[in-house]
Amino acid sequence: MINFTRNYLLVSQSKYCESLARFISNYGKNDIQGRMRAWQIHAYGGIDCLSLNDSARVPPIKHPDDVLVEISASSVNPIDVAMMGGYGARLLSVGRRTTLSPDQIEFPLTLGRDFCGEIVEKGHGVTENLKVGDKVWGVLSPFHPGCHAQYAVAPVSNVSLKPSNLTDIEAAAVLYAAVTAWSSLKITGELCLQSANGKRVLVMGGSGGVGSCAIQMLKAWGAQVVATCNTDAVTFVDTLGADCVIDYTDPDAERRIMEEGKYDIILNAAGVSNTLYEETLKSKGCAKYITVTSPLLRNVDRHGLALGMIKNVIDFVSSNLSLRSTPFFLGGPSVRWGYFIPSAKAIEEISELSSSGKLMPSVERTYKFSELQAAYQKVLDGHSRGKTVIDMKSM
Ligand SMILES: NC(=O)c1ccc[n+]([C@@H]2O[C@H](COP(=O)([O-])OP(=O)(O)OC[C@H]3O[C@@H](n4cnc5c(N)ncnc54)[C@H](OP(=O)(O)O)[C@@H]3O)[C@@H](O)[C@H]2O)c1
């Protein structure tokens, strides 16, 4: 009993010393106990709704498996611009209610999904694999307060050491789009169950964030990739390694897409509808048309939670019933909805691909932290050729 008490006191004492040392080493280095600069919205709307708050609260670590990161760079994704306008507000609020405190449920809302930065504090459940001072990259689900701010808290499963061959700006440009491409192909497309080697895949929107990652991943996994993009992006998409690049503005594009098929997987990352998938998917071998722009959140925004979810089921079933070939449960093609599904496994594989140079980010333009509204406007205007990144260290 005496030994137990003594050991307990020693462990408590050493934990106390560790926390004290961490506090002292961080003291003065940054104001992590207090306030930070963050771009926030207080109502849904346009770019004007974004305002720079000089005294936003630094998010506290509330879970043992969380880390607090001082952000050095972050990208702007189409979802940031969409969320600014209220996209997904109903369903995301439900998700936030289950994970966050009441003051974090809706406003002020900080946007921003992927980041590069330095760990400044960590929960007691975070192992020694990640230490205070480590340079990391990470990603935040839309339920979490975002990272267009000086600090953000992330679950440790969404964070890993930054690949050393990438700059902070490059690293910030990867994870949200790459994890979406990975989960759409590996989970929704079931490439985690079967080899991608030799599979024929059409990537629509090869010039965007998700499409450019998907092309590089598929090539690294041994697939044959046909990609579509606008005229001025053909050379860029070609350098990503696609076996065939088709300019969708070419009057001959549809014929060429069909000629290059048929496809085991069509990944639609262009944010537009596609009416060709019926004719271009293989009729057997469980071929899949995966769109990353599903109506899930919009249906709930429009019809409320209960009716919206019913509408989602109807939309999903009817898009599959519209396929006139063999039913999917008999080995025929299916229509699926792909999503950003963060996981430690996805980030680990993406880290390996990036470290070996097989998945490289393409940064189209970098903005200063103070220019964030212009960066949102750039993404809102569309036609991206790679990623738009915010350099948080440059005010
Ligand atoms: N479900 C999810 O969890 C999830 C996650 C991430 C992204 N998304 C969605 O997925 C889509 C792609 O995201 P992203 O980050 O890659 O967006 P992005 O960077 O804006 O890329 C979209 C690309 O598609 C191109 N494009 C537009 N129309 C096209 C067409 N008809 N054929 C081929 N390419 C076309 C655009 O260039 P041009 O206009 O010049 O052709 C642009 O380069 C967005 O709608 C986004 O909201 C969904």
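Q: What share of the contacts in the protein chain with a separation of 6 or more comes from residues 24 or more positions apart?
A: Such pairs account for 69% of those contacts. Two residues are in contact if their C-beta atoms, placed from the backbone, lie within 7 Å. Please keep in mind that this is a predicted model, in which local features need pLDDT of at least 70, side-chain atom pairs count only at pLDDT 80 or more, and totals for chains, interfaces and linings use all residues. Residues are numbered from 1 along each chain as its sequence is written.

Q: Why is E349 called buried?
A: The rule goes by other C-beta atoms, placed from the backbone, within 10 Å of a residue's own: 20 or more make it buried, 12 or fewer exposed, and counts in between partly exposed. E349 has 20 such neighbours, so it counts as buried. Its place is in helix α12 (residues 344-355); helices (H or I, at least four residues) and strands (E, at least two) are DSSP runs, numbered from the N terminus. The C-alpha atoms of E349 and V179 are 9.7 Å apart, although these positions lie 170 residues apart along the chain.

Q: What makes α5 largely enclosed by the rest of the structure?
A: Twelve of its 14 residues are buried, so the label follows from the count. Among the buried residues of α5 are Y176, W182 and K186. For the protein chain of 395 residues, the buried part is 41%.

Q: Why is G331 exposed?
A: G331 has 12 other C-beta atoms within 10 Å, so it is exposed. G331 sits in the loop between α11 (305-321) and β14. Beyond its neighbours within four places in sequence, G331 is in contact with K284, G285, C286 and T326. For G285, the C-alpha distance to G331 is 5.6 Å, at 46 residues apart in sequence.

Q: What makes the phi of E190 stand out?
A: E190 is not a glycine, yet its phi is positive, near 60 degrees. Most residues other than glycine have a negative phi, and most peptide bonds are trans. E190 lies in the loop between α5 and β9 (200-204). Because E190 has 13 other C-beta atoms within 10 Å, it is partly exposed.

Q: Which sign does the phi of H383 have?
A: The sign is positive, with a value of about 55 degrees, although H383 is not a glycine. H383 is in the loop between α13 (372-381) and β16 (387-391). It has 11 C-beta neighbours inside 10 Å, so it counts as exposed.

Q: Where is there a cis peptide bond?
A: It joins G261 and K262, with omega about 5 degrees. K262 belongs to the loop between α8 (253-260) and β12 (265-268).

Q: How do you know which residues surround the ligand, and how many are there?
A: A residue is near a molecule or strand if its C-beta atom, placed from the backbone, lies within 6 Å of it. The shell holds 27 residues, with G205, G208, G209, G271 and H383 the closest. Two or more residues each come from α2 (78-84), α5 (175-188), α6 (209-220) and β10 (224-229). The largest share, three residues, is from α6.

Q: How many residues of the shell around the ligand are charged?
A: None; the shell has 13 nonpolar and 14 polar residues. Ala, Val, Leu, Ile, Met, Phe, Trp, Tyr, Cys and Pro count as nonpolar, Asp, Glu, Lys and Arg as charged, and the others, Gly among them, as polar.

Q: Why do β2 and β4 each have one side without a neighbour in the sheet?
A: They belong to an open antiparallel sheet of three strands in the order β2-β1-β4. β2 (51-57) and β4 (109-110) stand at its edges with a single partner strand each, so one side of each is left free of a neighbour in the sheet. Strands pair if DSSP finds at least two bridges between them; β1 (residues 35-41) and β2 have five, in the antiparallel sense. There, Q40 is opposite S51.

Q: What makes β11 and β14 edge strands?
A: In the open sheet of six strands, the order is β11-β10-β9-β12-β13-β14, with parallel pairing. β11 (244-247) and β14 (334-337) each pair on one side only. Four bridges link β13 (residues 288-291) to β14 in the parallel sense, and Y289 stands opposite V335 in β14.
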